[in-house]
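Here is a short report on a protein model with DNA. Look at the structure first, then read on.

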Number of protein chains: 2
Amino acid sequence: MTETAPRPTLEAVAARAGVSRATASRVVNGGDGVREPLVERVRQAVEELGYVPNQAARSLVTRRHDAVAVVIAEPETRVFADPFFALQLRGISKELTAHDNQLVLLLTEGRDDHARVARYLAGGHVDGALVFSLHLDDPLPGLIRGAGIPTVFGGRPDWHGGPEAAVYVDSDNRGGARAAVRHLAGLGRTRIAHITGPLDQTSAADRLQGFRDVRGDADPHLVAESDFTPGGGERAMRELLARRPDLDAVFAANDLAASGALRVLREQGRRVPEDVAVVGFDDMLPVAEGTDPPLTTVRQDIEEMGRIMARLLLRRLDPNATDDPPAGLVLPTTLVRRASA
Amino acid sequence: MTETAPRPTLEAVAARAGVSRATASRVVNGGDGVREPLVERVRQAVEELGYVPNQAARSLVTRRHDAVAVVIAEPETRVFADPFFALQLRGISKELTAHDNQLVLLLTEGRDDHARVARYLAGGHVDGALVFSLHLDDPLPGLIRGAGIPTVFGGRPDWHGGPEAAVYVDSDNRGGARAAVRHLAGLGRTRIAHITGPLDQTSAADRLQGFRDVRGDADPHLVAESDFTPGGGERAMRELLARRPDLDAVFAANDLAASGALRVLREQGRRVPEDVAVVGFDDMLPVAEGTDPPLTTVRQDIEEMGRIMARLLLRRLDPNATDDPPAGLVLPTTLVRRASA
DNA sequence: GTGAAAGCGCTAACAC
DNA sequence: GTGTTAGCGCTTTCAC
């Protein structure tokens, strides 16, 4: 193993600068209330010694960690099928880094991990948590609330327990879906079908709700349940075509499913958008741009969502924050027009 | 803010169990050399109090953190274009979790972040690092070695500095490429083209090398440089078709580029695989399965690669590891046959 | 086998 | 302003 060169302590810095440990500490932590010449001397000592504060020692007394956990539940599902997750993390990371916080990643793989995560969060290793819980009946959110640690959820969690205030950030799935369907209707389409996502996820449920907001009177045969995958999109499309050969538009709950639908439409000789107009959701590049024809879709800014989650958490963590942060935040979506509708 | 309920300390546990702090500590850390009845009493006290060790206090004395940093350089590039990254992380996470280590994620966004990461790693916050450095001239690997912290690289790093032993895990890019090209040749194809990835990444460079191993004598016009994206694959394909309209096979450096190539071939009325056979690389689902026709491709087990990286690092970190861990590990790839070749 | 005691490196009162 | 001092909660010799 690497020879552990004994790292310099604050003591050493203080000695070299000819000041007390307390003064050295003050300088290291911003230097307020220390006279300029001393500040300079300490800075120099830090420089020369290559001093880096021992975070463990610091945390021990401050009880802060400047670290935030990011909990991603059940990554075997959609999270890994698309860059969603990566973009989200990137936004989070940027924001945390800007505020000198570390990102501790906790991936869970089913129930066994729940206890582990709960213990970790309750264990006071991090100051707060960012949690992605995608499923309606996920016990994780409840466990985490039990851990009593400031938390912001990604995506609207489903509270069986009633309307307790959960802080979360979500895309306007419902509104986006409405915009998609209205766009299709505006094109003069009258037999608009919907390929849903897995309905145990709030995002998919909300998109279906948005579809119903506009087409509440639609023939139930125009809705096919699916799973956010290309294969699932294919199956759903075949099903819809069998049930309603006269359909003239499809709103798929995400781009991946839309790409599957597109393939089936082409295979069955339907022209897109002439015979059947198609709209997706996510604007997940490169899928949306890569389909044939390129996909009209509902765009959500995933990276921004991550950034906002982090910002929200950091604000709740800040002891001298003045204003009450919002409890829930729903980010707008926008319709991106390409060739498919 | 959450009301910080004062967490029980070891002291409290010891008191409740009627033992000394030292004994309580022994039990909490495995309980070797403590008599059974005492062990039991301490365990019970821990249970009743809901005691969780304070990691900061522990690190302060042990100088271990049970935490590993994962550094991903420049995620704006390909890393975010595909689930590569997510799968890798999943493998790493599983392995670290199994050994009670935390995963601290460090995403870097260009040179500015390098110093930050180097400082962090040198700062003794983590026991080791897993580093993904994709670019040939990336200064990060050098900086990290300077930090003097045990490190395992993901993907073969490029050492300007000569053959110092860098520990890394990589896929057999070169061998995989050879297999792909040989497969094409075995199909009787004689005018095999190659769409490269960005050649400043070792993976892309190695795949090109593999292509050349088999077709060293190929017309240079049969190689088009590209960038691992569908759009790039399209451009490269057009270029190749313009230069060598008689080509009868294409080996694309990844599945995304292959999907772009496929689109252009279809658009230009070439049948796949009859007129032009196509092979990709990665076996990145759902891309590879989702193309039309589904892609024959070279599979690499990304998640396993992550897991092995973590395992290797953990072994280097283990003070009572007996055997010398290997310095470099190249994981095999396998050809997956689908319809495109 | 168990306990007493000495710190790990740092911050935050509190004096001066 | 600056220094002195008392811990933060834990592990680990070292006696017993």
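## Touching the bases and the backbone

Start with A:R21. An N or O atom in its side chain lies 2.6 Å from a base nitrogen of DNA strand C. This is a polar contact, a pair of N or O atoms within 3.5 Å; within protein, one must be able to donate a hydrogen and the other to accept it, and residues adjacent in sequence count only if both atoms are side-chain atoms. A:A57 uses a polar backbone atom instead, 3.3 Å from a base nitrogen of DNA strand C. A polar backbone atom of A:N54 is 3.3 Å from a phosphate oxygen of the strand.

The model is predicted: local features need pLDDT of at least 70, side-chain atom pairs count only at pLDDT 80 or more, and totals for chains, interfaces and linings use all residues. Residues are numbered from 1 along each chain as its sequence is written, chains are lettered from A and ligands numbered from 1 in the order written, and side-chain values use heavy atoms, without hydrogens and water.

## The surface near the strand

How many residues surround DNA strand C? There are 28, and the closest are A:L10, A:R21, A:Y51, B:R35 and B:R63. Near means that a heavy atom of the residue lies within 4 Å. Of the strand atoms that come within 4 Å of the protein, sugar and phosphate account for 68%.

The surface has 13 nonpolar, eight polar and seven charged residues. Here Ala, Val, Leu, Ile, Met, Phe, Trp, Tyr, Cys and Pro count as nonpolar, Asp, Glu, Lys and Arg as charged, and the others, Gly among them, as polar. α4(A) gives the most, with five residues. Helices are DSSP runs of H or I with at least four residues; strands are runs of E with at least two, and both are numbered from the N terminus.

## Two helices pack together

α4(A) and α4(B) pack at about 145°, with axes 8 Å apart. Axes are lines fitted to C-alpha atoms, for helices over the stretch in contact, and angles run from 0 to 180 degrees between N-to-C directions. A:A56, A:A57, A:S59 and A:L60 meet B:A56, B:A57, B:S59 and B:L60. Contact means heavy atoms within 4.5 Å. By class, this contact has six nonpolar, two polar and no charged residues.

## Unusual backbone spots

Most residues other than glycine have a negative phi, and most peptide bonds are trans. The bond from A:V272 to A:P273 is cis, with omega near 10°. Another cis bond joins B:D292 and B:P293, with omega about 0°. A:F228 has a positive phi, near 75°.
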